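Visitor: I would enjoy a close look at one part of this model. Could you take me through the aromatic rings and the strands around them?

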Amino acid sequence: MNFIPTLLKEDFKIEKLYTVHYFEFSKNYTFKGESHPFWEFVYVDKGEIDAVSDDKTIRLTKGQVIFHKPNEFHTVMADGKTAPNILIVSFECNNPMMDYFENKICLIGDKERHLLAKIIAESDNAFLTPLDDPLTTCLERKQDALIGSEQYIKLSLEWLLLDLLRQNENNAPKAPTSLIKENSQNEVFDKIVRYMENNLDKQLLLSEICKDNLVGRSYLQKLFREKTGGGAIDYFNKMKINCAKRMIRESSGNFTEISIKLGYNSIHYFSRQFKNMTGMTLSEYASSVKILTNNK
């Protein structure tokens, strides 16, 4: 028999990556703006921002992403009330299907969030360049990068574009049966995360989390290991520290007041945990935010 191969069609093909940024901005951050001959998207992970492109200003909230076409002037600014976290990725893609994304605003779902998280994680694996350096113009490769890191970024970006296109064209396929269990786990995980978010002012015990969410201890730990790579309490503590970082950026009290708001019994314990998780003291982090805000 003579086999005839099928050349697979690529609606999105990304060969060049320019930058990957993850910023934790202060509430008063403003970027002077830029334009460049390649695509860029801005995703709001926390808070709100004003996205300006050419002569339009659009308020983006948590979970939204906006695309900027090549050579379009654009900038971002915080709203003066909340300290936003944003992911910015710039890349080259010349496929005609990209026209769909001109000035497009999309809502990111769970599956797309996992793809964005994969892009961030693999960028850390692949490049030495800090993700929070606003002056980055070139990504520096790691000599000991994990195998396939750059390809994971490429595939995740292409998958993201395909998902968003299908989603917004009301053409998304139904989830296969094999995903039902995963979707159920995602619902439980999201419910527990929301519960943690609502109790950041407490020192939760594992038994309390289980009781209040009607889940077993072993299932809870297994679920968080699969989703986060660590335990439930570790995740909760990281949420507290991330909240502390946001409060510092928003100037929501001094260090002692912030520690009390987050349920810490001791400012010294809070300081040690902050240093262990961020690699910086409270004062060093506060200073670093000011430096980042001034690089505009």
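Visitor: To start with, are F23 and F25 buried or exposed?

Guide: Happy to help, and please keep in mind that this is a predicted model. F23 and F25 are both buried.

Let's begin with the sheet. Five strands make up an open sheet, ordered β1-β7-β2-β5-β8, with antiparallel pairing. At its edges stand β1 (16-24) and β8 (105-107), each with a single partner strand, so one side of each has no neighbour in the sheet. From one strand to the next, the twist averages 15°. The partner of β1 is β7 (residues 85-92), and the two are joined in the antiparallel sense by eight bridges. Within that pairing, L17 has F91 of β7 as its bridge partner.

Now to the rings, where the structure holds 15 aromatic pairs. Take Y18 and F38: their ring centres are 3.8 Å apart and their planes meet at 10°, so this pair is stacked. Y18 belongs to strand β1, while F38 sits in the loop between β1 and β2 (39-46), so the pair ties together parts 20 residues apart in sequence. Y18 is partly exposed, with 26% relative accessible area. F38, in contrast, counts as buried because its relative accessibility is 13%, under the 20% cut-off.

Coming back to your two residues, F23 and F25 form a stacked aromatic pair, with 4.8 Å from centre to centre and 25° between the planes. F91, the bridge partner of L17, also has a place in a cluster linked by ring pairs, together with F12, F41, F67, Y100 and F101.

How values were computed:
Residues numbered from 1 in each chain as written. Predicted model: local features only at pLDDT ≥ 70, side-chain atom pairs only at ≥ 80, totals over all residues. Heavy atoms only, no water. Pairing = 2+ DSSP bridges. Helix = DSSP H or I, 4+ residues; strand = E, 2+ residues; numbered from the N terminus. Axes fitted to C-alpha atoms, helices over the stretch in contact; angles between N-to-C directions. Phe/Tyr/Trp six-rings, centres within 6.5 Å; stacked < 30°, edge-to-face > 60°. Buried < 20%, exposed > 50% of the residue type's maximum accessible area, 1.4 Å probe, protein only.
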